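Please take a moment to look over the structure below before reading on. The paragraphs that follow move from the chain as a whole to pairs of helices, and then to single residues.

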Amino acid sequence: MMNCELLATCSALGYLEGDTYHKEADCLESVKDLIRYLRHEDDARDVRQQLGESQIVQNDLLPIIIQHRQDKALFDACIRLMVNLTQPAMLCFGKVPDDPVFRHHFLQVTSHLQAYKEAFASESVFCILSETLYNLLQLDWEQRQEEDNLLIERILLLVRNVLHVPANPSEEKKVDDDASVHDRVLWAIHMSGFDDLIKFLASAQSEQQWSMHVLEIISLMFRDQTPEALVSAGHARSAEEKKKDSNELEALRQKEHAEKHSRTLQRGTRHSRFGGSFVVQGLKAIGDKDVIYHRNLQNFKNYTHDIGKAVRRVPKRHRKAQESGEKRRSALNVRLFLREFCVGHCYGSYFFESLIREQTQQHDETYYLWALSFFMAFNRGSCFRADLVSETMSIRAFHFIERNITNYYEMLLTDRKEATSWSRRMHLALKAYQELLLTVNEMDRSQDESIRESSSVIKSNIFYLMEYREIFLTLLRKYDETKQPQSYLKDLVESTHLFLRMLERFCKGRRNLMVQRKRVKRRKSQGKKKEAAPETSPEALEETWKIVEEELKGAGFKLSESLTQSLVPFDATSETPLEDQRTEAMVRVQDALLARMGPEALGLLRAAREVWPEGDVFGSADVEPEEELELLKQILQAKLPRSSQTAVVEEEEEEDDGPEMEEEELESVQVSETEFKFLDFIKRFANPGIVHPYLLLLKSYSKNTPHTNHCIARMLHRLAVDLKMDALLFQLSVFHIFNKILNDPAAAAYQELVTLGKYLVKRFVSLAAQNNKAYVELLFWKNVGAVREMTEGYTKEPAWTEEEEEELRRLYEEHRDSEVPDIVETLLPLLSNSNRTRRQVVTQLVHMRLVDNAKELKKPKKGTGIVLWTEEQELELQMLFEEYRDSDDVLGNIMKKLTAKRSRARVVDKLLSMGLVSERRELYKKRSRSAHGKSTGKGMTEEEFLAELTQGTQDDSVDRDDEYEQEDESEESEAEDLEEQESERSLNGGRRSQGMHSTGERRPDVEKMVYALKQEGMSGPLLWLQNCLNKTADDRENDGLSQPVPLAPFTESNEEAMENKSFQRLLRKLGMRAPANEQESFWRIPAKISVSQLRSAAAALSPKEDKPKNDDEQDGTRSPAEEPRGEEEEDMSHEQRAQALRALLLARKRKRYTTEDAGICGRFIF
């Protein structure tokens, strides 16, 4: 029932008596009340439904505007009310409701709109609207009031709403050439002259603000039309059209004749009661017995086990996309007037300009895309004139459409609920792109030389740029039949055919065609880490810094007031805390430097310093300009994490082809030029993902147009014949389609497809005679590699023998707990078969179930150190410095205790920036210097120098002056070296001749060297060395710590021995390390040597009674320096104690007077 208030309000409008409408006194107030009611209606749109049931538009509003148009206030209010009542149901409900109750309300509102549309199919209504609109357009801009502009817009919206109402197929059962309700509305628009006003608004530059409204009305006017139907309206059919129709009719006649003949053969001579029963040998039923067939034999070829079964319901997500509404042919008079409208309508660039300036509503670009494709197709079909489409034939239009296609596809994947709408928009964009190509192709055929030159310029641009050249490859690869209809695929295949034909013709006239190539370099970062700053080469950074430095020095480090006020280093509206935005501020500074905007970077740095003054992260408050310049340079060269977190470890680029964990890809594009070869470009189409859409379209060959079938056959011919990759099409579904074509009664109409099918079958039969696995290959889609194997022979990887598997198992069990960084790299050189690759080893380990999956054997990634410091980390660093500032090794102790591991360079820079130290020298290790020269290796021969390079393991605490200046990569390489040495030690076992693992063995070469040194009178230095080794072993056993221990000689005999070449060779044999640089004066006992190894090395220095045997000498001559061992040890112990006292006094004096020469810290053993 109708609401009583609504009923009273409608009654207060007036009444219709015959053809005369008598309005009431409060008619205007009643119209305003209805507008107010509509504003407060509920979700079911009850007010709208009740007004539609009362037929207020037909009985009240339309008669009022026809008979009382002189009352301007009432006329404006009625137009406003009708705009509200006629708005589409989709806008009222937001979408088609899923709930059955709201779906009913939606259909009710739609039915009322269809009734309104039928009422508007009146010439008198549109005469009033056109006269009112004409009078308003006659006013100049100075004379128009705001109410006039509102009325113009409301009239345009009212006409738009009426044309937008969908047809009711159950009520309008019209055939072609019959007038529908939409045709009657269009005819009323034409007879009233409203279409002339539309053309004026579309072409007048002064009325450009209504352009999108006009474009929407035009698109709705031509909703049921096609350019081809309008071009042929009123013209006799051409000979080509007649031939096309006759061919289609002949194909249908042959098909009908074949079906009639088939039915005749199936009709038996006897009646069906005696059809008989037959046993089908070789075809098993449910049990083990053969199938019993109870029908006529003529129908046996259609027999399947699925006969009588219920058809399985296809899930909604797997259903094919539905086609849009079918086109119908309007009445001839409507088509003629629309044809004249197209001829007189010249759409300009202002539509495009409005879109570029983004002065339109959402999705208004779809109307432009439709207009572009429709009117360009009409211009191309009627009589092609390049001047009429010159506004849209530009690279900017190609770019606009390509960008929209990409955007629509991304939204198609993300907005799944509206996938149908995004698919239709994508189809519109593709049609516009296709029409641009067709127009360029038509310009090539022009008789005008200038038009052909313009076409050549456009083609050279679209063929040069990679985005336009590979758009069809991408669209074919991304085609999804569940989201995109078959009509979209048809246009895509035809557009690809046209593009390839134009590209082939363009390449034939040129020898060397250069095109743009974009190479995407991908970096993989695991988990949810944000994208890091793109890598930049050091040369590019240096060049950028030179430009920024010159700009800042030229400006005198002064910034304009406007720039200073506009730079805000933080976002006050962000949910991220202010303290956590420091990282983002530093990233913004780096981005400004990379963009070579020096003043902006400096301004951001100073603004950030005011916001975050603590810790001097952005410099101190009284920083000098030169120091600011140095800080900017450090920020430019730093590897900052692009994340909201302040402690993010960046990962370097690493390629990994295996099926590893899910990772985010970070891309950087490199643009270059390369020579284009058409055949290489066609090879990109030799992919199952691209061939599959063609075969989907080929399945409906009988419904396709001859041109569509030709496009499919031409692409398959390029692959099978031009590329000689016919094996790519050796697939069972492909042969099934061609078998259907060959057995089609109307096969004569598909001659191209028949020829191609016979060629493929012939090639397969010849291949099957050589490859007995070809029939199995029919079951699978094949890539290029599989096609090559199928035609040229299979390459089989060498299998693992039982011995190799046992060897791999044994080696893996031995090294699985060795804590090596990459166990696969450790196993590879140990395998007896050196030809095994990493991939084969990983696959075999997974196959043997030694590891669960390949993720466990992933290569370790190299990472850089953390760049930024949190407040907690800064406080921890300050506390550690205060604790160890008086120790001998300040930096070493801090590095050991620091929670967040960082490089030495970062820690030193942070200590300097926090003001805890004034210069780097304060962090050097303190040491005592020998009175004599340093063992720096001067005077070494080439052989000795090479021997020193290849000797034992290096210590991991190498301290140089310039080490503090290095980046984090220096420590990474040092760690890699140590890992390689550890891996080498695990591989070599105990076979190293100079390594420390062999120090405990009594080898003849060591004994000979000890004997030779004793012959030279170095028994004292040898005993001193032995005591040092034993003392170090005792200390390490008691303390549980292992540090490099310098061998400090404080007697002349020991100093001379340390400078002796033979004695140094003995030290190398025992695993001692020579001074690494100019800051080190003494040889050292490495920290890697264990207690047992030290004791073994000391035992090897014990004096022997017998002279060591040579290889060619078997007699044992006793040593001439033989003395009682007890007396010698007692004398040497007194001598060592005296040396220790003298060394202690000397060390105290040097510590008092020579603080600036402090060196590397160590424990002195005498």
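Helices and strands are here DSSP runs, a helix having at least four residues and a strand at least two, and they are numbered from the N terminus. With that naming in hand, a label such as α38 can be read, and one can say that R849 is found in the loop between α38 (838-847) and α39 (871-884). The model is a predicted one, which should be kept in mind throughout.

Taken as a whole, the protein chain has 49 helices and eight strands. It is made up of 1166 residues, of which 43% count as buried. If one considers the contacts in the chain with a separation of 6 or more, 74% of them are accounted for by residues 24 or more positions apart.

How are helices set against one another? Two packed helices are described by the angle between their axes and the distance between the axes. A useful starting case is helix α31 (residues 706-722) with helix α33 (residues 751-768), whose axes come within 10 Å and cross at roughly 25 degrees. Because angles under 35 degrees count as roughly parallel, α31 is roughly parallel to α33. The crossing in which α31 passes α33 is left-handed. On the side of α31 the contact is made by N709, H710, A713, L716, A720 and V721, while α33 contributes E752, L753, L756, Y759 and L760. Sorted by class, the residues of this contact between α31 and α33 are eight nonpolar, two polar and one charged.

Two further pairs are arranged in another way. Helix α27 (residues 598-611) packs with helix α28 (residues 625-637) at an angle of about 100 degrees, and their axes are 11 Å apart. Since angles from 65 to 115 degrees count as roughly perpendicular, α27 is roughly perpendicular to α28. In this pair A601, L602, L605, R606 and R609 of α27 meet E628, L631, L632 and I635 of α28, and the residues of the contact divide into six nonpolar, no polar and three charged.

The other pair is helix α20 (residues 449-464) with helix α23 (residues 486-508), whose axes come within 11 Å and cross at roughly 105 degrees. That angle makes α20 roughly perpendicular to α23. Here S456, K459, S460 and F463 in α20 meet F499, M502, L503 and F506 in α23, and by class the contact of α20 with α23 has five nonpolar, two polar and one charged residues.

From the pairs of helices we can turn to single residues that lie within a helix. V125 is found in helix α8 (residues 123-138), and it is buried because its relative accessible area is 2%, where buried means under 20%. Although V125 and I66 are 59 residues apart along the chain, their C-alpha atoms are separated by 6.6 Å. Leaving aside neighbours within four places in sequence, V125 is in contact with L62, I65, I66 and F120.

N59 lies in helix α4 (residues 56-67). Is N59 buried, partly exposed or exposed? With a relative accessible area of 32%, N59 is partly exposed. N59 and L16 are 43 residues apart in sequence and 7.0 Å apart in space, C-alpha to C-alpha. If residues up to four places away in sequence are not counted, N59 touches L16, Y21 and S54.

The cysteines can be read in a similar way. A disulfide is a covalent bond between the sulfur atoms of two cysteines, and a search of the whole structure finds zero disulfides. C78, for example, is in no disulfide, and the nearest cysteine sulfur, that of C27, is 6.0 Å away. C78 is buried, with a relative accessible area of 0%, and C507 counts as buried at 15% relative accessibility.

Finally, the backbone deserves a look in two loops. Most residues other than glycine have a negative phi. K724, although it is not a glycine, has a positive phi of about 55 degrees; K724 is placed in the loop between α31 and α32 (732-742), and it is exposed, with a relative accessible area of 68%. R849, which we met in the loop between α38 and α39, has a phi near 65 degrees, a positive value in a residue other than glycine. With a relative accessible area of 74%, R849 is exposed.

Definitions and conventions:
Residues are numbered from 1 along each chain as its sequence is written. This is a predicted model: local features need pLDDT of at least 70, side-chain atom pairs count only at pLDDT 80 or more; totals for chains, interfaces and linings use all residues. Side-chain values use heavy atoms; hydrogens and water are left out. Axes are lines fitted to C-alpha atoms, for helices over the stretch in contact, and angles run from 0 to 180 degrees between N-to-C directions. Angles under 35 degrees count as roughly parallel, over 145 as roughly antiparallel, 65 to 115 as roughly perpendicular and the rest as oblique. A crossing is left-handed if the near helix is turned anticlockwise from the far one by less than a right angle, and right-handed if clockwise. Contact means heavy atoms within 4.5 Å. Ala, Val, Leu, Ile, Met, Phe, Trp, Tyr, Cys and Pro count as nonpolar, Asp, Glu, Lys and Arg as charged, and the others, Gly among them, as polar. A disulfide is a pair of cysteine sulfur atoms within 2.5 Å. Buried means under 20% relative accessible area, exposed over 50%, partly exposed in between (1.4 Å probe, protein chains only).
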